[in-house]
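Colleague: Could you take me through one part of this model in detail? I would love a close look at the aromatic side chains and how they pair.

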Amino acid sequence: TRALRQLCCGLLGRLVLAGVDLGDVCLCDNFYTPHLAEHADAWLVAMVDELAGLVRHFGTPVISGKDSSAGSTPTEAGVVHVPPAVFLSALGKVPDHTLLLAEQWTRPGNLLVQIGPPTPSPVGTAAARALDLPGTRLDDIDLDGYHDYLRLLATGRHRFASGTHPGPGGLAARLLHGALASGLGADLNPTAHHLPALFAEHRCGALIELPPADLEALPAGLHPV
């Protein structure tokens with residue numbers, strides 16, 4: 001359920017960052033549950049309850065979806081179960097697609113700023129899988145605080161020259177992709193980004209580009225780094 005919350009909040013944040021009004025967003029879902037596992041029904045109920053709460057909180061309806069609750073397969077070695085999970089996709093509408101915020105960096109000398117509530121736990125990250133990091137508790141997201149973040153994001157995005165979602169691989173992957181796409185490099189601040197922080201995926205945040213003069217104007221509620 002924490003993963004579902006992070007996924008939903010990250011999707012909404014991505015669309016609001018791009019320029020979609022929160023009221024013009026809808027969701028589609030696909031639930032995966034191992035139907036032969038002992039706690040399958042409880043997991044499914046918990047995930048559905050969580051999604052229903054998210055829909056009520058943000059006002060973003062689920063318009064389609066499916067339940068793939070046949071995720072257990074008997075084999076010669078025993079029963080294999082898929083992990084209980086939900087996959088969400090989101091759709092947003094805008095009056096003019098040319099007003100959407102680009103992801104590609106635009107100008108030398110601009111700053112790259114991480115915003116959004118920090119979720120530094122390595123659980124489920126590409127780095128944790130590659131380095132076999134020990135499991136810890138997945139970060140929780142406060143819904144009221146995240147709703148406030150979305151409002152600040154919508155009102156402040158006019159300052160951003162570009163913006164993107166950290167995604168798999170975290171900031172390290174975004175910096176690599178951004179450099180390849182734009183032909184611009186990036187200087188990192190070692191006091192703010194020690195190595196593990198570069199691979200944290202901060203699923204509910206964003207990496208934005210803005211002129212240095214606009215940094216001080218960013219509200220604290222965006223959690224800028």
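Modeller: Happy to; here is a walk through the aromatic pairs, followed by a few words on the cysteines and the first helix.

A note before the details: this is a predicted model, in which local features need pLDDT of at least 70, side-chain atom pairs count only at pLDDT 80 or more, and totals for chains, interfaces and linings use all residues. Residues are numbered from 1 along each chain as its sequence is written, and side-chain values use heavy atoms, with hydrogens and water left out.

Searching the whole structure gives two aromatic pairs; rings of Phe, Tyr and Trp (its six-membered ring) pair if their centres lie within 6.5 Å, and planes under 30 degrees apart count as stacked, over 60 as edge-to-face and the rest as tilted. One pair joins Phe58 and Tyr146, edge-to-face, with 6.4 Å centre to centre and 90° between the planes. It links distant parts of the chain, since Phe58 sits in helix H2 (residues 40-58) and Tyr146 in helix H4 (residues 143-156), 88 residues apart. Helices here are DSSP runs of H or I with at least four residues, and strands are runs of E with at least two, numbered from the N terminus. Phe58 is buried, at 5% relative accessible area, and Tyr146 is buried at 1%; buried means under 20%, exposed over 50%, and partly exposed in between (1.4 Å probe, protein chains only).

Tyr146 also pairs with Tyr149, this time tilted: 5.2 Å centre to centre and 40° between the planes. Because Tyr146 and Tyr149 are three residues apart in helix H4, about one helical turn separates them. In general, an α-helix has 3.6 residues a turn, so residues three or four places apart point the same way. Tyr149 is buried, as is Tyr146, and ring pairs link Phe58, Tyr146 and Tyr149 into a cluster.

Now the cysteines. The count of disulfides is zero, where a disulfide is a pair of cysteine sulfur atoms within 2.5 Å. The sulfur of Cys28 has its closest cysteine sulfur in Cys26, 5.9 Å away, which is too far for a bond. Cys204 is in no disulfide either, as the nearest cysteine sulfur, that of Cys9, is 4.9 Å away. Cys28 counts as partly exposed, with 27% relative accessibility, whereas Cys204 is buried, with a relative accessible area of 1%.

Finally, helix H1 is mostly covered, with 13 of its 17 residues buried. Gly19, with a positive phi near 125°, follows H1.
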